[in-house]
Amino acid sequence: MSFQNRKQTILRLLEEKEEVEVKEFAQLLNISEITIRRDLIQMASEGLLHRTHGGAMRLSLVQNPVTFSNKTTTNAEQKDKICRVAAQFIQEGDIIFMDCGSTVFRLCPYIRHKKIKVITNSLPVVYELQGSSVSINLIGGELDVERQAIHGSIAEEHIKRYQANRAFIGVDGISPENGLSALSEKEASITLTMAAHSAQVYLLCDATKLGQDKYLQFAGLDIIHTLITDADLKKVKPYQDQGLQVICVE
């Protein structure tokens, strides 16, 4: 079977099952696991699916008329590990905020089955969760086409009307000396507003963001309750020394 034919079969299987392991792909396609891993890497680079630690996950955005410019496939396996752990903190009946970060987006497949309410400014999150058990509250305001997210003062006013059990946020950089930083003032404002209206704030952050200070330093570590990261213990110790709860995923 040619790669193009395998590609179509892989996409069909993911549409049916949402997530498939390498071993199952290999058996269904009658090819080696080495070949299917190579296929999945190629398809992930084309933005057709999400690579996970053991296989691949459906990327429904591919079939939507919206281009998600966030690099969701960068550090994909690390982000998936972070999100698997983060999803365990979400209880049935919870109200949660989700921002437009690429790591936060990858939380979607792990919460589709939960009867919760998600308040978000991310269009990709809405597209990914539609048709699931999740009730969606899309924040209103100005559309940032590049980020496929809603920002602005109206969006912040929308957020302030609600109180969430938990907020799941991302940042462009975090350091023990200067706290949280962002590349955009409007994204920083959304993050601050979500944090202020949540009982618990979870920062989902891959190791590449730690120790980084970006354009705008907008908040201290004290707005976060829990940092979930794939960084090693040595790298997170300075954050723990400041009293931040840190969960390191394996």
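**View 1. Packing of helix α2 against helix α3 in the predicted model**. Helices α2 (residues 22-29) and α3 (residues 33-45) are roughly perpendicular to each other (65 to 115 degrees), because their packing angle is about 110°, with the axes 9 Å apart. On the α2 side the contact (heavy atoms within 4.5 Å) involves Val22, Lys23, Phe25, Ala26 and Leu29, and on the α3 side Glu33, Ile36, Arg37 and Leu40. These residues comprise 6 nonpolar, no polar and 3 charged. Helices are DSSP runs (H or I, at least four residues), and axes are lines fitted to C-alpha atoms over the stretch in contact, with angles from 0 to 180 degrees between N-to-C directions.

**View 2. Packing of helix α1 against helix α3**. The axes of α1 (residues 3-17) and α3 lie 11 Å apart at an angle of about 80°, which means that α1 is roughly perpendicular to α3. From α1, Phe3, Arg6, Lys7, Ile10 and Leu11 meet Thr35, Ile36, Asp39, Leu40, Gln42 and Met43 of α3. The contact has 6 nonpolar, 2 polar and 3 charged residues.

**View 3. Surroundings of Glu156 in helix α7 (residues 153-160)**. Glu156 is buried (under 20% relative accessible area, 1.4 Å probe, protein chains only). Glu156 has no salt bridge (side-chain nitrogen of Lys or Arg within 4 Å of a carboxyl oxygen of Asp or Glu); Lys160, the nearest side chain of opposite charge, is 5.1 Å away. Leaving out residues up to four places away in sequence, Glu156 touches Ser189, Ile190 and Thr193.

Residues are numbered from 1 along each chain as its sequence is written, and side-chain values use heavy atoms, without hydrogens and water. In this predicted model, local features need pLDDT of at least 70 and side-chain atom pairs count only at pLDDT 80 or more, whereas totals for chains, interfaces and linings use all residues.

Methods
Helix = DSSP H or I, 4+ residues; strand = E, 2+ residues; numbered from the N terminus. Parallel < 35°, antiparallel > 145°, perpendicular 65-115°, else oblique. Nonpolar A, V, L, I, M, F, W, Y, C, P; charged D, E, K, R; others polar. Buried < 20%, exposed > 50% of the residue type's maximum accessible area, 1.4 Å probe, protein only. Lys, Arg positive; Asp, Glu negative; His and termini not counted.
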